[in-house]
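Me: I've just opened a new structure and I'd like to learn how to read it. Can you walk me through it, feature by feature?

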Amino acid sequence: MIKGSIVALVTPMTTSGDIDWEALHRLVEFHLENGTDAIVAAGTTGEPTTMSFDEHFDVIRKVVEQVDGRIPVIAGTGANNTAEAVELSKFAKKVGADYCLSVTPYYNKPTQEGLFQHFKAVAEASDLPVILYNVPGRTAVDLHNETVVRLSKLDNIVALKDATGDVERGKELMGRLEGSGFLLFSGDDLTAADFILQGGHGNISVTANVAPRQMSELCAAALSGDASTAHQINTRLMPLHRALFVESNPIPVKWAVHEMGMMETGIRLPLTILSDQYHATVREALQHAGIIG
């Protein structure tokens, strides 16, 4: 069972926008060496919506091969086309991913029944444990707690990434699912410590891209009920949590990883490199967290 700090891994690219496979290898090793508990490959932060199918497949496959069973790999396989989400999930299963992360279908705004049927189809077709992903700020659709409870009763749907940042909503869902074995992960670095302290199982994190050791320690403290340590670490990381969203994710975090010397500044349109006006903000947050000098 996955618990702890799960990195929503960036996909490093060259300045021309090509995937930088050598940098991807370095980043995976960085996480293996620094306490990350699981890796999401080709999730939102990994820019899958601008990848070809072959690129999407290759990112998942290469991460799975490199990790080689040392920690779980979660494949980002969401799409707003159910058939496409099924195809991506089947591939993830084929290459050895441990779970798939499936986002609510964006743009077409399905009903709650449509969301239920979408995830049911993915779960039944992929034969890979499914982590639901609710991020209404990006998708314009909200997966209600009632629908999560309904989905939790289906075979192969095992967890939820809740990126709403609404800790009380998470607490209500935890109460409804207590004892079910269903996993609940925060998808919001700002509130992740409190989410875990209330009974959550971990955090699928953007901040972990640049602070894997700190996020691992934060999650471990929260899971053990050590609120003082969890909040102490979180306070130090708070400027970084905020700075990594001064522009749309993954713009700031990709620039931050570049600032650490681990990859080039490549990103794909319609996203652009972090605006000059925010460079000092992100750099100072990295310094405050002790990541760079």
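**Reading the pockets, the barrel and the cavities**

Reply: Happy to, and keep in mind that this is a predicted model. Let's begin with the lining of the largest pocket: by class, 14 of its residues are nonpolar, 10 are polar and 3 are charged.

Me: How many residues line the largest pocket, and which lie nearest its centre?

Reply: There are 27 lining residues, and T44, P48, T49, V103 and Y106 are the ones nearest the centre. Try finding those five in the viewer to place the pocket. The space inside comes to about 590 Å³.

Me: Which helices and strands supply at least two residues each to that lining?

Reply: Helix 2 (53–67), helix 3 (82–95), strand 4 (99–103) and helix 5 (136–139) each do.

Me: What is the volume of the second largest pocket?

Reply: That one has about 330 Å³. It is lined by 21 residues, and V135, A163, G187, D188 and F245 sit closest to its centre. Two elements, helix 5 and strand 8 (202–205), give two or more residues to this lining. Helix 5 has the largest share, with 3 residues. As for classes, you'll find 9 nonpolar, 8 polar and 4 charged residues around the second largest pocket.

Me: Now the strands. How should I read a sheet, and in what order do the strands go here?

Reply: The general idea is that strands of a sheet pair through backbone hydrogen bonds, either parallel or antiparallel. In this structure, 8 strands close into a barrel, the order is 1-2-3-4-5-6-7-8, and the pairing is parallel. On average, neighbouring strands of this sheet are turned by 25° against each other, if you ignore direction.

Me: Over how many bridges do strand 1 and strand 8 pair?

Reply: Strand 1 (residues 4–8) pairs with strand 8 over 4 bridges, in the parallel sense. To see where they meet, look for G4, which stands opposite G202 in strand 8.

Me: Which strands does helix 9 touch?

Reply: Helix 9 (residues 212–223) packs on the sheet and touches strand 1 and strand 8. Its direction makes about 145° with that of strand 1.

Me: What about cavities? How do they differ from pockets?

Reply: A pocket is open, while a cavity is a space where a 1.4 Å probe fits but cannot get out. Here there are 2 cavities of 30 Å³ or more. The largest has a volume of about 40 Å³, and its lining is made of I251, K254, W255, T265, I267, I273 and L274. Of these, 5 are nonpolar, 1 is polar and 1 is charged.

Me: Which residues line the second largest cavity?

Reply: Look for D162, T164, G165, D166, V167, S186, D188, T191 and F195. They divide into 2 nonpolar, 4 polar and 3 charged residues. This cavity's volume is about 40 Å³. You've met D188 before, among the residues closest to the centre of the second largest pocket.

Me: Last one: how do I spot a salt bridge, and how many are there?

Reply: Look for a side-chain nitrogen of Lys or Arg within 4 Å of a carboxyl oxygen of Asp or Glu. The count here comes to 11 salt bridges. One of them joins the side chains of E65 and R61, at 3.5 Å from N to O. Both residues lie in helix 2, 4 residues apart, which is about one turn of the helix.

Definitions and conventions: Residues are numbered from 1 along each chain as its sequence is written. This is a predicted model: local features need pLDDT of at least 70, side-chain atom pairs count only at pLDDT 80 or more; totals for chains, interfaces and linings use all residues. Side-chain values use heavy atoms; hydrogens and water are left out. On a 1 Å grid over the protein atoms alone, a cavity is a set of points where a 1.4 Å probe fits but cannot get out, and a pocket is an open set with protein on both sides within 12 Å along at least five of seven lines; lining residues have an atom within 4 Å of a point. Grid points are joined across faces, edges and corners, and a volume is the space filled by probe spheres set on the points. Ala, Val, Leu, Ile, Met, Phe, Trp, Tyr, Cys and Pro count as nonpolar, Asp, Glu, Lys and Arg as charged, and the others, Gly among them, as polar. Two strands pair if DSSP finds at least two bridges between them. Axes are lines fitted to C-alpha atoms, for helices over the stretch in contact, and angles run from 0 to 180 degrees between N-to-C directions. Contact means heavy atoms within 4.5 Å.
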